[in-house]
Structure formats: C-alpha cells, structure tokens
Amino acid sequence: MKRFWPWLRILGALAILGVLVWQLGTRAFLDGLREVDASGVAAALGIGFATTVFSAWRWCLVARRLSLKLSLPSAVGEYYRALFLNGVLPAGVLGDVNRAVQHGRGAGDVPRGVRAVVLERTAGQIVVIGASVAVVLSTPSVVPPPIDGVVTAAGIVVVVLAFAAVVTGMTAGRHWIHSGSKWRRGFAVTLADVRLGLLTKETWPGVSLLSVATLAGHLALFVVAARAAGVTAPIAELLPLMILALLAMGLPLNIGGWGPREGVCALLFGTAGLGSAQGVTVAVVYGVLALVSSLPGAGVLLVGSFKTATPAAPRFAARTPVQTGDTR
C-alpha cells in the first residue's frame, strides 16, 4: 500500500479536477490563468516573502528547542526551496522531506531534524483547523455538508491527540525512555520532542503567533486572487470560504496543492451565491500566485546545485622554505 499511496494521491487530485472540468467546463480554469497580471505577481512575491519568513522563524523556534542549530537566513533559504519543490513536484511534500533530511544531516541527527519539520508544519495546520472550526461554529450557513462534518471531526481529532500526548507524556513517557523496546523508546523520545518543540512556555506563544501571522499571509494572497478574478464580495464574506479552502489544501489528495482546493472553492462559492465557476477561477489564480511566490526557491535551488557541481578550490598547506647551504 505504501508503494501505491503517491499514485493514489495524484489520481485523487486528477479525479477532482476532472469532475470540475466535466461539470463547469474549462473556461473557469482558463480564466484563472488569464487573470494573473504584473500587480498580482508583485503582491504574491511580497506576501510570499512575509509568510516564508514567518514560517522559517517558526521552524527555527522548534528546531532550537530540539537542540538543533538553525539560523533564520539559512531557514528562509531552505524554506523557499522546499516551497518551490512542493509546488512543482507531484507529491506536494517532497520539498519538506528534503528540507528535513538535509537539515538533520547537517545537524548530525536526521530523526530529530525530521521531527522538527513535522512539528513545525503541524503547528501551522493546527491553527488552520482551529480557524476552520471557528468558521463552522460562527457561520454555519456558509459551510455545506459534508465539509462541516469533516471540519468538526478534524477539530475533535486534534484535541484528542493533544490531550493523549500530554497525558501519555506525563505518565508513561518518562518510564518508556529507558525501556528495552526500541518502539517504546522511540515513542517516548517523540513525545518529549513534541513537548519541547510545541508545548513549553518558551515555545508555544511564539509558534502560535507566527502560525497566525502565516495564516493571515495566506488569506491575504487569497484576497488578492479573488480581486484579480473579479470577485467584489466583502472580505468578511470571503474569509470563511478561504479558510476552509486552505484547510482543503492540507488533504492528502493533491498535486502541489491542486485538486481539493478547487473542489472546495467550487462548492463553497456556489453555496454562498458567488458561483461555482467563480470559485474555481479564484482557486486557480491563488494556485498560480502561490507558485509565483515560491519562485525565489528556484534561485536557491540553482545556487545550491552550482555550488555542489563546482569543485572546491584546492587548499595548499603553507610550506616552510627549504634552506640550502650550511646548516651549522
């Protein structure tokens, strides 16, 4: 099953996009491509820089609490590269995998490097889920079934897992760290890293604030996409739809974010009376602008490839001149 899962993700995303084309035609998608202009590109690059810095800063906080060295400039560059790879490669997460492994190798602890990236991304998703639950509770009229059930279930799962992690860490975690079973030791180490990386008073305020700032940046880009697509509805009316669209992008059935986002936008915009085709157009504009915002990552990738391909200049040790003649 593990071997076929990447293909199932791709096929699931293609199926969603295929149904949308079948129901709405190709015009909604083509309109989304046409509406991207220079002002939208400039806004995407500016907003993308802010959200990347916020996300990289969050990664630094988590990594440093796990005793991994990571400077903010280095984190920003690595995060840009990961975003670009996530956007252009089918699985949508390969950039993050590369970021985790490379940082772990550089720090001398690959498992902890992977956990740092997982925890950093999890923190962002928890904030998106929390915002989505708030949308369901505050404006249930804009959330048609089955999306309301999915959001509610996701919120319950997050609360249950967080409670279970805290309780298990306080009870069994300290004993399992010395267990003879490598699975129990590994679980205990993971729980300890969750506590250090996300739940301590030194970590959670900064991680939460940066996650909220990152979410605000993504929503700002969505607003730019909506205006570019010709949607004139008030921002207060659009934000609930956009929050749920961002949640949909986290579903494991996408190609670089494409698929569920377009499907959810079609459903939500149609329910809100803004038109399903308009929702798809907004989603397409957002997808293009999000890819544009990650383009500095292509530069980081090229620079890294050039450095790898260029052999380092040989270093010659200083030699003491050989003296000739009388050595007496």
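This briefing covers confidence, annotated spans, one loop residue, cysteines and a pocket in the structure above. The model is predicted. Its average pLDDT is 85, and 87% of the residues score at least 70. A UniProt entry, which is unreviewed, annotates five stretches of the chain as "transmembrane region": 40-61, 149-171, 206-226, 238-259 and 279-303.

**Confidence**

- Residues 312-328 have a pLDDT below 50.
- In the model, the stretch 312-328 makes zero contacts beyond near neighbours in sequence.
- Where pLDDT is low, predicted coordinates should not be read in detail.

**Two of the annotated spans**

- Residues 206-226, annotated in the UniProt record as "transmembrane region", are 100% helix and 0% strand.
- The C-alpha atoms at the two ends of 206-226 are 30 Å apart.
- Residues 238-259 carry the "transmembrane region" annotation in that record as well, but this span is 55% helix, with 0% strand.
- From end to end, the C-alpha atoms of 238-259 are separated by 20 Å.

**Ser-71 and its surroundings**

- Ser-71 sits in the loop that links helix H3 (38-65) to helix H4 (72-88).
- Ser-71 is partly exposed because its relative accessibility of 36% falls between the 20% and 50% cut-offs.
- Leaving aside residues up to four places away in sequence, Ser-71 touches Cys-60 and Arg-64.
- Trp-59 is 12 residues from Ser-71 in sequence, and the C-alpha atoms of the two residues are 9.8 Å apart in space.

**Cysteines**

- Cys-60, one of the residues that Ser-71 touches, has a relative accessibility of 1% and therefore counts as buried, the cut-off being under 20%.
- Cys-265 also has a relative accessible area of 1%, so this cysteine is buried by that cut-off.
- A disulfide is a covalent bond that joins the sulfur atoms of two cysteines.
- With a cut-off of 2.5 Å between cysteine sulfur atoms, the model has zero disulfides.

**The second largest pocket**

- The second largest pocket holds about 660 Å³ of space.
- Its lining consists of 25 residues.
- Nearest the centre of this pocket are Thr-122, Ile-126, Val-158, Ala-162 and Leu-198.
- Four helices each give at least two residues to the lining: H6 (110-138), H7 (147-176), H8 (182-199) and H9 (204-228).
- Helix H6 supplies the largest share of the lining, with eight residues.

Notes: Residues are numbered from 1 along each chain as its sequence is written. This is a predicted model: local features need pLDDT of at least 70, side-chain atom pairs count only at pLDDT 80 or more; totals for chains, interfaces and linings use all residues. Side-chain values use heavy atoms; hydrogens and water are left out. Buried means under 20% relative accessible area, exposed over 50%, partly exposed in between (1.4 Å probe, protein chains only). pLDDT is the predictor's confidence in each residue, from 0 to 100. Contact means heavy atoms within 4.5 Å. UniProt positions are given in the numbering used here, feature names are shortened, and annotations may be inferred rather than shown by experiment. On a 1 Å grid over the protein atoms alone, a cavity is a set of points where a 1.4 Å probe fits but cannot get out, and a pocket is an open set with protein on both sides within 12 Å along at least five of seven lines; lining residues have an atom within 4 Å of a point. Grid points are joined across faces, edges and corners, and a volume is the space filled by probe spheres set on the points.
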